[in-house]
Amino acid sequence: MVTVRPGPRPTGEPFRSDRYFEVWQYSVGHGRLLLRSTRDRPPATASSTRRPTRIEVHFTGVGLMLLGPAYEGLVVRSATDEESSTVLRDRGIELEECQYVFALADDPSMGFGVSAPPQGHEDGGGVDDPSWFGHMVGTG
């Protein structure tokens, strides 16, 4: 099971995986972002079998994001004070209550988000099964 460390102010690295993740859904009106690693996509090594589970990482209260369409390996970590200051200053925004800056790679220039702390979930769902986090309005 995937766990994301709880806490009022996240620190460190709440999530890391070597699996392939895609930006799966984003709902502008509700500020929700879902990254998913499906069980239907085989691992990078040709001799390996498909994964028995899917993993979802869900962000709420998304106020800003810079994402690639996919990540071969995903790191979600709290940005350092310096990285957070740079992201916020360069984009002219201020954090709202319960928002934090998260880097989506070891290097935040590869992706970041400003949101509430993310949640992770791992289950046996298939590519067409709905998200464990529920339907995202405006995603079709």
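**Buried charges, ring pairs and one open sheet**

Reader: Let's start with arginine 54: is it buried or exposed?
Author: This is a predicted model, and in it arginine 54 has a relative accessible area of 3%. Buried means under 20%, so at 3% arginine 54 counts as buried.

Reader: Which residue forms a salt bridge with arginine 54 at 3.8 Å?
Author: The partner has 0% relative accessibility, so it counts as buried. The closest N and O atoms of the pair are 3.8 Å apart, and the cut-off for a salt bridge is within 4 Å. The partner is glutamate 56.

Reader: Aspartate 123 forms a salt bridge with arginine 54 too, so how far apart are the closest N and O atoms there?
Author: The pair of aspartate 123 and arginine 54 has to meet the cut-off of within 4 Å. Their closest N and O atoms are apart by 2.7 Å.

Reader: How many residues apart are aspartate 123 and arginine 54 along the chain?
Author: Aspartate 123 sits in strand β8 (residues 119–123), and arginine 54 sits in strand β3 (residues 54–59). The pair links distant parts of the chain, with a separation of 69 residues.

Reader: Which residues do salt bridges with shared partners join into one network?
Author: Aspartate 123 and arginine 54 are both buried. Salt bridges that share partners put these two into one network with two others. The full set is Arg36, Arg54, Glu56 and Asp123.

Reader: And arginine 89, is it buried or exposed?
Author: Arginine 89 forms a salt bridge with aspartate 90, with the closest N and O atoms 3.8 Å apart. Exposed means over 50%, so at 57% relative accessibility arginine 89 counts as exposed.

Reader: On to the rings: how many aromatic pairs does the structure hold, and what kind is the pair of phenylalanine 15 and phenylalanine 21?
Author: The structure holds four aromatic pairs. In the pair of phenylalanine 15 and phenylalanine 21, the ring centres are 5.7 Å apart and the planes lie at 85 degrees. Planes over 60 degrees apart get their own label, so this pair is edge-to-face.

Reader: What is the relative accessibility of phenylalanine 21?
Author: Phenylalanine 15 is buried, with a relative accessible area of 6%. Phenylalanine 21 counts as buried as well, with a relative accessibility of 0%.

Reader: In which strand is phenylalanine 102, the one that pairs with phenylalanine 59?
Author: Phenylalanine 59 and phenylalanine 102 are edge-to-face, 6.4 Å centre to centre with 65 degrees between the planes. Both residues are buried. Phenylalanine 59 belongs to β3, and phenylalanine 102, 43 residues apart from it, belongs to strand β6.

Reader: Which residues on β6 are buried on each side?
Author: Side chains in a regular strand alternate between the two faces of the sheet. Both faces of β6 are covered. One side has Tyr100 and Phe102, and the other has Val101 and Ala103.

Reader: Which residue in β7 stands opposite alanine 103?
Author: β6 is joined to strand β7 (residues 112–115) by four bridges, and the two run antiparallel. Alanine 103 has as its opposite number in β7 phenylalanine 112.

Reader: Last one: which are the edge strands of the sheet?
Author: Eight strands form an open, antiparallel sheet in the order β4-β7-β6-β5-β1-β2-β3-β8. An edge strand here pairs on one side only. That describes β4 (64–66) and β8.

Conventions: Residues are numbered from 1 along each chain as its sequence is written. This is a predicted model: local features need pLDDT of at least 70, side-chain atom pairs count only at pLDDT 80 or more; totals for chains, interfaces and linings use all residues. Side-chain values use heavy atoms; hydrogens and water are left out. A salt bridge is a side-chain nitrogen of Lys or Arg within 4 Å of a carboxyl oxygen of Asp or Glu. Buried means under 20% relative accessible area, exposed over 50%, partly exposed in between (1.4 Å probe, protein chains only). Rings of Phe, Tyr and Trp (its six-membered ring) pair if their centres lie within 6.5 Å; planes under 30 degrees apart count as stacked, over 60 as edge-to-face and the rest as tilted. Two strands pair if DSSP finds at least two bridges between them.
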